[in-house]
Amino acid sequence: MNFSDFGNKLCSKSGILQLMDDIGRPLPKGVKPYRLGGGNPAMIPEISAMYRNEMNKIMQNGDEFEKLIGLYDSPQGRMRFIETVAEYLSKAYGWNITAENVAITNGSQSACFYLFNLLSGTFTERTNTIKKKVVFPLAPEYIGYCDQSIEEDTFVSIPATWQEYGKSSFKYHVNFDLLEDYMQKNHNIGALCVTRPTNPTGNVLTDDEIEKLSSISKRYMIPLVIDNAYGLPWPNIIFTDSATPYYDENIILSMSLSKIGLPSLRTGIIIAPKQIVTALSNLNAIASLASGSFGQALAEDLIKNGTLVENAKNFVRPYYEKKSKKALESFKRHFDSTPYSVHKSEGSIFQWLLMKDLKIPTLEFYSRLKEKGVIVVPGEYFFFGNDKKFLPPIENHPHYSKCLRINYGGDEKEVDEGIKIIAETYKNFM
């Protein structure tokens, strides 16, 4: 069967497909699994109990359950939930938003697909056409973005600089000089986009960096998309106090309920100018009629009364912060005799391992680890988006084929044993 160009592009092999397949597909019999690759959040008992309690309230409240499963919400989302989100964020942070600035999608992944294709690709203005691009100012960047554009060559990444802290820690930074130079030479940019905290590295852009990126986007009259799936105020998987929630009239803020315990309910929350919210609502109507209601229903009262944010602070952040420290101890214990470095762990549920003397690409190294039951994500997938006319090829970044993304949030013994196997295998390919 022949597919369209659109079909061939989106159905071909991709990093995000491999990642999700590794999450769900069992390993061969007899191979002990060490699942350090996927993005599944941990099942934190207090968070699971919180949602169970909300579900019990729904079940005991007349015909609320029947209405929940039997009625569509509007294409914009569940209006009571939307109003709750807008009211909470405006009161908590002084943001100038109302329900007209909130849209719900079937997960933030779907929202990004809509947004990237709204803001990049071919634009027709009167009789002229122009092809606009989305610029990612801090590469490596999230694997799930790479294949989301319908048209080819609409993503561009700015390679990160980095600062080293001793022999085994480093942190990426936006190369603002290179970004500014690229923006000045190109007038076909539709948006900037960053993740905060950054997936895959656990980097958290500072308030100063976010404000500078917002200022640049305003100067060029384009939006700044901030993917806040791991950020504040929920799920609050941020281990630094130098970052605060940020929104202004030029920002499209993407939030989610996935990393605070509801990954399967696919609830993306977009805070944006009214024009963007209207566009997302229209796209929802065409692509899926409406968004799923369950996540919105479970979280509505929890947001309204502050429980969601409070439990994120009291249970989610401490859980991952403890796990992160344990994993860093494992790296030090098992890798100490090798040239390695781990990105400064400031947030998200991942750590970014740099194996400085690795002699084979991490795509091949990933396959060798998988034979031993260790599932990770090879670093090459997080370097994408070339514009070789104006920028050095992204694959020329010194870290391109020497890094792994590792999910540290699982069982501590399994994580430790998996890291030990990674270290032992690394020694064979130095």
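## Close-up views of a predicted model

**View 1. G121 stands opposite K132 in strand β4.** This is a predicted model, in which local features need pLDDT of at least 70, side-chain atom pairs count only at pLDDT 80 or more, and totals for chains, interfaces and linings use all residues. Residues are numbered from 1 along each chain as its sequence is written, and side-chain values use heavy atoms, with hydrogens and water left out. Helices (H or I, at least four residues) and strands (E, at least two) are DSSP runs, numbered from the N terminus. Strand β3 (residues 121-125) runs antiparallel to β4, with five bridges joining them; two strands pair if DSSP finds at least two bridges between them. Together β3 and β4 make a hairpin with two residues in between. One to look for in the turn is R126: phi is near 60°, a positive value for a residue other than glycine. R126 has a relative accessible area of 85%, so it counts as exposed (buried means under 20% relative accessible area, exposed over 50%, partly exposed in between, with a 1.4 Å probe and protein chains only).

**View 2. Helix α6 (residues 108-119) has the span you'd expect from its residue count.** With 12 residues at 1.5 Å a residue, α6 should cover 16 Å, and its end C-alpha atoms are indeed 16 Å apart; the expected span of a helix is 1.5 Å times one less than its number of residues. The buried residues in α6 are S108, A111, C112, Y114, L115, F116 and L119. Just past the end of α6, G121 has a positive phi of about 100°.

**View 3. Helix α8 (residues 207-219) packs its buried residues against several elements, β10 among them.** The 13 residues of α8 reach 18 Å from first C-alpha to last, close to the expected 18 Å. Buried in α8 are D207, E209, I210, L213, S214, I216 and S217. Their packing partners are β4 (128-139), β7 (169-173), α7 (176-185), β8 (189-195), β9 (224-227) and β10, where contact means heavy atoms within 4.5 Å. Just after α8 comes M221, with a positive phi of about 55°. The loop between β8 and α8 holds P197, and the peptide bond joining R196 and P197 is cis, omega being about 0°.

**View 4. S254 sits in strand β10 (residues 251-256).** S254 counts as buried because its relative accessibility is 0%. Leaving out residues up to four places away in sequence, S254 touches S108, I226, D227, N228, A229, I269 and I270. The loop between β9 and β10 is the place of P233; the peptide bond from L232 to P233 is cis, with omega near 0°.

**View 5. Helices α3 (residues 45-59) and α10 (residues 294-304) cross at roughly 100°.** Two packed helices are described by the angle between their axes and the distance between the axes. Here the axes come within 10 Å; axes are lines fitted to C-alpha atoms, for helices over the stretch in contact, and angles run from 0 to 180 degrees between N-to-C directions. That crossing makes α3 roughly perpendicular to α10 (angles under 35 degrees count as roughly parallel, over 145 as roughly antiparallel, 65 to 115 as roughly perpendicular and the rest as oblique). From α3 come M50, Y51, E54, M55 and I58, which meet F294, A297, L298, D301 and L302 of α10. By type, the contact residues are eight nonpolar, no polar and two charged (Ala, Val, Leu, Ile, Met, Phe, Trp, Tyr, Cys and Pro count as nonpolar, Asp, Glu, Lys and Arg as charged, and the others, Gly among them, as polar).

**View 6. Six strands form an open sheet with mixed pairing.** Going across, the order is β6-β7-β12-β13-β16-β15. At the edges are β6 (161-164) and β15 (377-378), each pairing on one side only. Strands β13 (residues 350-355) and β16 (residues 403-407) pair in the antiparallel sense over five bridges, with Q351 opposite I406 in β16. In the loop between β12 (340-343) and β13 you'll find S348, whose phi is near 70°, positive in a residue other than glycine. S348 is at 0% relative accessibility and so counts as buried.
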